[in-house]
Amino acid sequence: LRHLLIALPIFDRIRHQNAVYVAMTVSGIYKELFNNEKGLEYAKHAVDASENQHREELKTLAYLNYALSWLSVNQTDKADQWLEKAKALISPTNNHQLWTYYNYLGRSYQLQGKYEDARQTFLQALQQAEKAGHEIFTLDILSSLVSASLRTPHWRSTKEYLDRYTELAKKVGNPLNEREALRRLSEYYAKAGDYKKANEYNTQALKVNDFLMLEKNADQLNRLEARYQFEKKENEIRQLQQETKIQELSLRQRS
């Protein structure tokens with residue numbers, strides 16, 4: 001983040017297209033750090049930087065990213081405005097951007113409690129993900145599709161997508177998605193009245209969750225150690241700078 005924030009004003013000054021990519025990356029990092037306000041600020045920076053470029057693809061990416069930032073603070077009305085602007089620029093052959101558009105629109109419907117609209121929109125996103133042949137996109141959208149579908153009168157048809165989601169999560173080797181799939185299977189069987197199976201899948205989900213918590217704790221310890229080393233190094237640099245200033249003042253005074 002520190003290095004990207006040094007690079008960004010340089011790209012801004014020469015009006016380089018990388019200003020858009022860097023600003024979006026900075027926005028994403030701030031969101032990972034749970035600072036959605038800063039995430040919004042740099043997502044807007046990416047939009048402004050894209051206006052200096054004569055590339056519609058760049059503008060579309062910036063608009064979609066800005067819409068996602070509004071979704072992260074539950075501002076669906078503002079997210080929808082930017083999604084509309086992006087949609088007007090998307091090529092009908094650009095599967096990636098169409099997938100992103102339908103994915104974010106589906107999330108907006110979901111946040112508004114419009115689960116049937118969300119289900120239909122996620123189905124469109126799934127179609128684009130399959131055309132692109134991208135397993136991660138497909139996995140991501142299956143997760144959202146299952147979640148929305150279970151809250152509609154069509155919840156029984158969810159099983160087909162649940163099975164695909166579970167299988168793909170295991171294939172990709174993502175424990176987070178495996179846990180989510182097991183939780184959704186438990187929810188599905190509970191709705192179907194098969195409480196024995198619901199309990200079995202819930203128990204499996206808890207086992208995966210325990211594994212993830214161990215990984216998370218180890219990761220947090222590593223982050224704390226990295227932060228300690230970083231701050232220690234910064235303090236050393238500040239001390240050296242202070243000593244240098246003192247030496248300079250002494251030499252000046254002697255002169």
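This briefing walks through a few helices, one pocket and some aromatic pairs. The model is predicted, so keep that in mind as you look around. A good place to start is helix H4, where 12 of the 17 residues are buried, so the helix is largely enclosed by the rest of the structure. H4 also turns up in the lining of the second largest pocket and, through Tyr 66, in an aromatic pair.

**Helix H4, the enclosed one**

- H4 runs over residues 56-72, and its 17 residues reach 24 Å from the first C-alpha to the last, close to the 24 Å expected at 1.5 Å a residue.
- Have a look for its buried residues, which include Leu 58, Ala 62, Tyr 63, Asn 65, Tyr 66, Leu 68 and Trp 70.
- What do the buried residues of H4 pack against? Their partners are H2, helix H3 (36-51), helix H5 (76-87) and H6.
- Just after H4 you'll find Asn 74, which takes a positive phi of about 60°.

**Ser 50, a neighbour of H4**

- Ser 50 sits in helix H3, and its relative accessible area is 0%, so it counts as buried.
- Which residues does Ser 50 touch, leaving aside those up to four places away in sequence? They are Val 20, Leu 58, Lys 59, Ala 62 and Tyr 63.
- Three of those names should ring a bell: Leu 58, Ala 62 and Tyr 63 are also among the buried residues of H4.

**The second largest pocket**

- The second largest pocket holds about 250 Å³ of space.
- It is lined by 14 residues, and the closest to its centre are Leu 61, Asn 65, Leu 68, Thr 100 and Tyr 104.
- Three elements each give two or more residues to this lining: helix H2 (18-32), helix H4 (56-72) and helix H6 (95-111).
- Which helix gives the most to the lining? That's H6, with seven residues.
- By type, the lining is made up of six nonpolar, six polar and two charged residues.
- Asn 65 and Leu 68, two of the residues closest to the pocket centre, are buried residues of H4 as well.

**Aromatic pairs**

- A pair of aromatic rings is described by the distance of the centres and the angle of the planes.
- The model has nine aromatic pairs.
- One of them is Tyr 30 with Tyr 42, a stacked pair at 5.8 Å centre to centre with 20° between the planes.
- Tyr 30 belongs to helix H2 and Tyr 42 to helix H3, so this pair ties together parts that are 12 residues apart in sequence.
- Are Tyr 30 and Tyr 42 buried or exposed? Both are buried.
- Tyr 66 and Trp 82 make an edge-to-face pair, with 5.0 Å centre to centre and 70° between the planes.
- That pair links distant parts of the chain, because Tyr 66 is in helix H4 and Trp 82 in helix H5, 16 residues apart.
- Tyr 66 has a relative accessible area of 8% and is buried, while Trp 82 counts as buried at 14%.
- Ring pairs also join Tyr 63, Tyr 66, Trp 70 and Trp 82 into a cluster.

**Further along the chain: helix H10**

- Helix H10 covers residues 175-191, and its 17 residues reach 24 Å between the first and last C-alpha, close to the 24 Å expected at 1.5 Å a residue.
- Its buried residues include Asn 177, Arg 179, Leu 182, Leu 185, Tyr 188 and Tyr 189.
- After H10 comes Gly 193, whose phi is positive, near 85°.

Note on methods:
Residues numbered from 1 in each chain as written. Predicted model: local features only at pLDDT ≥ 70, side-chain atom pairs only at ≥ 80, totals over all residues. Heavy atoms only, no water. 1 Å grid on protein atoms, 1.4 Å probe; cavity = no way out; pocket = protein on both sides within 12 Å on 5 of 7 lines; lining within 4 Å. Points joined across faces, edges and corners; volume = space filled by probe spheres on them. Helix = DSSP H or I, 4+ residues; strand = E, 2+ residues; numbered from the N terminus. Nonpolar A, V, L, I, M, F, W, Y, C, P; charged D, E, K, R; others polar. Expected span 1.5 Å × (residues − 1). Buried < 20%, exposed > 50% of the residue type's maximum accessible area, 1.4 Å probe, protein only. Contact = heavy atoms within 4.5 Å. Phe/Tyr/Trp six-rings, centres within 6.5 Å; stacked < 30°, edge-to-face > 60°.
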